[in-house]
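User: I am new to this structure and would like a close look at a single part. Please take the helix that ends the listing of helices, then show me how its surroundings fit into the rest of the chain.

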Amino acid sequence: MAQREQVRTSGSGVLAHFGHMDEQPVTITNGEGAYVYDEDGAEYLDFLSQLYCVNAGHSNDAIREAMGEQLDRIQYVSSAKNNDARTELADRLVEIAPQSLEDVFFSISGSEANEAAIQIARQSQDASTVLTRWRSYHGGTYATAGLAGDSASRLSVEAHASTSGSVKFLPPFGGADAAFDADSPAELTEQSLDHLEYVIRNQGPDSIAALLTELVAGSSGAFTAPPGYFEGVRELCNEYDILLIADEVITGFGRCGEWFGSHTENLEPDMITFAKGVTSAYAPLAGVLMRSELGDALREETMDVGQTFAGNPVACAAGLAAIEEYDDGLIENVRALAPVLQEQLASLEDHDVVCDVRGRGFHWGIEFADPATDEPIVDPRVEDGHNSIEDVLAGMQEKGILIGGGRPMIQITLSPPFCIDEDDIDRTVSALDETIGEVFG
Ligand SMILES: Cc1ncc(COP(=O)(O)O)c(C=O)c1O
């Protein structure tokens with residue numbers, strides 16, 4: 001009820017996603033590069049690329065022109081026909097993806113791409129279980145929220161429907177919420193792989209179709225895996241004949257400094273699901289990149305379901321142009337500035353309440369804990385009450401910088417557009433330093 005009132009008081013009939021709207025949502029009317037502007041002309045540095053997706057920045061001329069040209073030719077072609085923009089984008093995606101992935105099944109959103117990937121895996125393996133990590137996020141549909149290890153997403157669909165087919169395993173994370181008690185990254189790799197093998201064996205390998213995982217955690221806080229972890233996951237999947245699906249909805253298209261997180265984590269998955277950054281959020285587009293054996297099987301034994309707007313030509317034109325923009329210096333900028341961002345963010349650990357700073361490229365999470373107990377200050381999974389992390393987000397917005405809250409909200413997330421410069425980083429980190437001081441004293 002409180003949330004409905006919140007939306008109404010914002011003066012709008014638009015209902016919120018993700019359970020809430022900001023307490024004082026700004027009305028954003030314009031954007032330019034890494035900046036957005038509200039209806040009164042106030043400027044905000046968009047240090048979350050809205051929702052981890054406007055990777056090339058706002059109002060990019062090349063992407064807008066490509067979309068306009070496509071619109072002038074044809075705006076929609078059914079998936080039963082070929083379309084030149086769609087074919088060209090598929091070819092370009094295969095060029096930039098890990099070598100083993102040669103076919104593309106287009107979709108519209110990240111949720112639907114993950115749904116498609118698990119349908120394909122289940123059909124191909126003739127098995128139904130999908131392994132996913134605790135604290136993961138894979139989408140908001142019934143199937144994908146059911147796959148989520150993040151309790152808020154999962155419980156909101158499980159409350160009124162039975163979701164099935166997913167078995168969770170523990171992520172190889174450090175931080176205050178760590179599930180393993182390892183003294184070194186190597187020990188963490190070993191413990192988490194032993195645990196995964198235990199889950200696979202006890203679940204029954206023949207019943208498992210796929211393992212679906214983010215490579216660098218997305219909204220759950222930008223956790224990276226310790227060295228050797230994904231190599232071990234790949235080996236286990238090979239040994240037990242399980243398809244390995246990388247959810248690259250956030251990590252795809254340069255976010256971590258290479259085309260895909262599979263490159264930064266040195267992994268050859270069987271499928272990659274992508275969305276968000278593929279068009280830099282200029283139009284909804286998503287898809288599944290897969291090995292040719294899986295693509296060939298789909299050609300022979302079709303899936304009799306589909307989506308009207310999958311692979312829309314205007315979105316595909318945006319995708320082609322966005323990829324050119326990434327190739328033409330934007331990913332290079334991520335690589336050049338990631339060490340600066342990392343070093344500056346690490347300095348925030350001088351605050352006693354900051355217990356962990358982690359990430360890769362332009363995707364970072366900062367976790368907070370009570371210095372006296374090393375526990376979250378308020379853990380929304382198990383307790384109600386005012387969460388000071390909301391105050392950090394509000395304080396940053398007041399200073400003209402937009403950042404994100406992680407799921408669970410024991411952390412904040414930063415995922416800026418690739419067109420930021422060093423001054424944008426300086427400004428954000430000094431505003432964070434000041435805001436964390438103001439909120440936690
Ligand atoms: C890792 C990951 N997978 C899937 C999704 C779902 O994508 P969409 O919101 O486009 O359905 C998201 C969305 O944030 C995500 O972060």
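Analyst: What follows starts with one helix and then moves outward.

The model is predicted. Helix α14 covers residues 422-440. How far apart are its end C-alpha atoms? They are 27 Å apart. The helix has 19 residues, and at 1.5 Å a residue these should span 27 Å, so the two values agree.

Next come the sides of α14. Which residues of α14 are buried? They are D424, I425, T428, V429, L432, T435 and I436. These buried residues cover an arc of only 130° around the axis, so they sit on the same side of α14. The face turned away from that buried side carries exposed residues. They are E422, D423, D426, G437 and E438.

What covers the buried residues of α14? The cover includes the strands β3 (43-46), β11 and β13 (401-402). It also includes the helices α12 and α13 (388-398). Just after α14 comes G441, which takes a positive phi of about 80°.

Now the domains. The domain assignment gives domain 1 as 2-59 + 329-440, and domain 2 as 61-325. Their centres, taken over C-alpha atoms, are separated by 24 Å. The contact between them takes 35 residues from domain 1 and 30 residues from domain 2. Which elements give two or more residues to the side of domain 1 that touches domain 2? They are α2 (49-52), α12 (313-346), β11 (354-360), β12 (363-368) and β15 (411-414). Two names return here: α12 and β11 are on this list, and both are also part of the cover of α14. By class, this side of domain 1 has 15 nonpolar, eleven polar and nine charged residues.

β15 leads to a detail of the backbone. P408 lies in the loop between β14 (404-405) and β15. The peptide bond from R407 to P408 is cis, with omega near -5°.

α2 leads to another. S59 lies in the loop between α2 and α3 (61-73). S59 is not a glycine, yet its phi is positive, about 55°. Is S59 buried, exposed or partly exposed? S59 has 15 other C-beta atoms within 10 Å, so it is partly exposed.

S280 makes a contrast in burial. S280 sits in the loop between β9 (271-274) and β10 (286-291). It has 28 C-beta neighbours inside 10 Å, so it counts as buried. A residue needs 20 or more to be buried. Which residues does S280 touch, leaving out those up to four places away in sequence? They are V54, N55, A56, N60, I63 and A322. S280 also has a partner in space: G319 is 39 residues away in sequence, but the C-alpha atoms are 7.5 Å apart.

A second helix can be read in the way α14 was. Helix α8 covers residues 185-203 and has 19 residues. From its first C-alpha to its last it reaches 27 Å, close to the 27 Å expected at 1.5 Å a residue. In α8, L188, T189, S192, L196 and I200 are buried. Seen down the axis, these fall within an arc of 100°, so they line one face of the helix. On the other side, A186, D194, Y198, R201 and N202 are exposed. The cover over the buried residues of α8 includes β6 (166-169), β7 (208-214) and α9 (229-239). After α8 comes G204, with a positive phi near 100°.

From α9 the chain leads to D241. D241 lies in the loop between α9 and β8 (243-247). Its phi is positive, about 55°, although D241 is not a glycine. Is D241 buried or exposed? With 12 C-beta neighbours inside 10 Å, D241 counts as exposed.

Last comes the ligand. There are 15 residues around the ligand. Which of them come nearest? They are S109, G110, S111, G218 and V249. Helix α5 (residues 110-125) gives the most to this shell, with three residues. By class, the shell divides into four nonpolar, nine polar and two charged residues.

Back to the starting point: α14 has its buried residues on the same side, and exposed residues on the face turned away.

How values were computed. Residues are numbered from 1 along each chain as its sequence is written. This is a predicted model: local features need pLDDT of at least 70, side-chain atom pairs count only at pLDDT 80 or more; totals for chains, interfaces and linings use all residues. A residue is near a molecule or strand if its C-beta atom, placed from the backbone, lies within 6 Å of it. Helices (H or I, at least four residues) and strands (E, at least two) are DSSP runs, numbered from the N terminus. Ala, Val, Leu, Ile, Met, Phe, Trp, Tyr, Cys and Pro count as nonpolar, Asp, Glu, Lys and Arg as charged, and the others, Gly among them, as polar. Domain bounds come from an automatic or database domain assignment. Two residues are in contact if their C-beta atoms, placed from the backbone, lie within 7 Å. The expected span of a helix is 1.5 Å times one less than its number of residues. The arc is that of the directions from the helix axis to the C-beta atoms.
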